[in-house]
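Hello,

Here is the structure I promised to pass on to you. Have a look at it first, and then read my notes below with the picture open beside you.

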Amino acid sequence: MINQLLRYTIIYAVLLLLQIFLFNNIQFSGYVNPYVYILFVLLLPYKTSGWLLLIISFFAGFIMDIFMGTPGMHAGATVAAGFARPYILRAISPRDGYLPDTEPSMALYGFNWFFFYSLLVVTVHHLVLFYLEIFSFESFFRTFLKVIFSTVFTVIFIIFAEYIRKGR
Amino acid sequence: MRNLLLFIEKYNRIILFIILELVAVYLISNSYKYHNTQLIKGVRKLTLTWEGVISNVKNYLRIKKINDDLQAENTLLWNLIERYGLKTDSVIIQVNDTLHGVQFEILPAYVVNNSVNKVKNYFTIDRGKGDGVDVNMAVISIQGVAGITVASSDNYSIVMPVINTDFRLSSRIKSNDYFGSLNWDGRDYRYAVLHDIPQHVSINEGDTIVTTGYSAIFPPGIMVGTISDFKKSGSDFYTIRVRLATDFRKLTYVKVIKNRRQQEQLNLEKEFQ
């Protein structure tokens, strides 16, 4: 238990550093802002209960907010992702269900499953995040385009990160 | 309570989700002016829409009251037309003389000074010679008879109201047309006394008293008041207490009535006196 807590703390710290020092500097034509730290919410164990997932998601986003100076935005987006995660997991569960006491990872359930899983969660996260940032539906399609591009890049980076984790 | 707990247990995830999202939006709106204004704009739009709906409903519910008021006003106006002899239900004849057949001219006026607690009360109106007001013109309120002009300057006129012991008014009981003389006994500003009604006439409390028009000042048929009580004094006449229709304590808006044929009538009558 303590072991796991430490493990997730390290994962979060690594993602935080990557996000701040690497991915925040990627500003490709104003449409691409990948937010890879959401991988942390993706990797939480299956057995995490609903309310705990929400609270962990909230603070994961909130700490990001503190470092990025955007109070509330990432918290709102990660809470939405944490809320959607159980429904997404249920919708795309493999034929024989999930193994107990594991975490959703590419190493266990394969590339296709992980690709859809991360795509859906990241889409929810980016949708909420970018619309919270704009806070109006006036430039709806411009924002939507931004969501799509950023989601694609985030998913690419997440899968890349999973390959590194797998190969370790 | 049990149901509430069950409800919270069943939907705890959704409730927590909504709470956390609200916290996030609160944080955002607290730190960004732009988001704050957007939020306020949205809320204001919502409340404005809602207020519009509410006021529509309220107006609809008040329709009956508004209708009653309009109807009362309508009746009043019709009565006024009737009273001043402009019969609109007869054939309308177009004449170039706008004063054709008009015996009485009406001029609205405001009471600018008033007294009710003396024996010889007077009040002042904001119309004078410049507006065509002269002495011996009738002044009525919306409820009924108010008084007679006794003096007028360029812009103001003094009116002797019914509640002045010098005031005499020829009035009649509307139900049986017997007429008598009305004056004030100097006591209660709400009551006057009607004399000279013979005792063989049957009268009732609540009977309406109206003007006769004999004096060529007041038009006939204007409300004076209602019989409040009466007693048979030693002579052959009743002493009738009349509850005046006009409330002199609340007098604010009056109409001055000019009888265009007053002089003609008086001149003719003078020859036989």
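**What I found**

In chain B, a hairpin of four residues links strand S4(B) to strand S5(B). Please keep in mind as you read that this is a predicted model.

Let's stay with S5(B) for a moment, as several of my notes meet there. S4(B), which covers residues 145–152, runs antiparallel to S5(B), and five bridges join the two. If you would like a spot to zoom in on, find Ser152(B), which stands opposite Ser157(B) of S5(B). S5(B) also pairs with strand S2(B), residues 123–125, through three bridges, and these two strands run antiparallel as well. Here you can look for Phe123(B), whose bridge partner in S5(B) is Val159(B).

Is S5(B) largely enclosed or open? Four of the five residues in this strand (157–161) are buried, so S5(B) is largely enclosed by the rest of the structure.

From S2(B) you can step on to strand S1(B): the two pair in the antiparallel sense over two bridges. One pair to look for is Asn113(B) with its bridge partner Thr124(B) in S2(B). S1(B), residues 104–113, also pairs with strand S12(B), residues 253–259, again antiparallel, this time over seven bridges. In that pairing, Tyr110(B) has Tyr253(B) of S12(B) as its bridge partner.

Now turn to chain A and helix H4(A). This helix has 19 residues, from 73 to 91, and reaches 27 Å from its first C-alpha to its last, close to the 27 Å expected at 1.5 Å a residue. Where does H4(A) bend? The place is Arg85(A), where the bend is about 35°, and a proline, Pro86(A), follows within four residues. H4(A) is also mostly covered, with 15 of its 19 residues buried.

Last, the largest pocket. Its volume is about 510 Å³. The lining is made up of 18 residues, and those nearest the centre are Leu5(A), Tyr8(A), Leu44(A), Leu52(A) and Ile56(A). Two helices of chain A, H1 (2–21) and H3 (50–68), are the elements that give two or more residues to this lining. What classes of residue make up the lining? There are 14 nonpolar residues, three polar ones and one charged one.

A good way to begin is to pick out S5(B) and follow its bridges to S4(B) and to S2(B). After that, try the pocket, starting from the residues nearest its centre, Leu5(A) and Tyr8(A) among them.

Enjoy exploring, and write back with any questions!

Best wishes

Key:
Residues numbered from 1 in each chain as written. Chains lettered and ligands numbered in written order. Predicted model: local features only at pLDDT ≥ 70, side-chain atom pairs only at ≥ 80, totals over all residues. Heavy atoms only, no water. 1 Å grid on protein atoms, 1.4 Å probe; cavity = no way out; pocket = protein on both sides within 12 Å on 5 of 7 lines; lining within 4 Å. Points joined across faces, edges and corners; volume = space filled by probe spheres on them. Nonpolar A, V, L, I, M, F, W, Y, C, P; charged D, E, K, R; others polar. Expected span 1.5 Å × (residues − 1). Bend = angle between axes of the 7 residues up to and from the residue. Buried < 20%, exposed > 50% of the residue type's maximum accessible area, 1.4 Å probe, protein only. Pairing = 2+ DSSP bridges.
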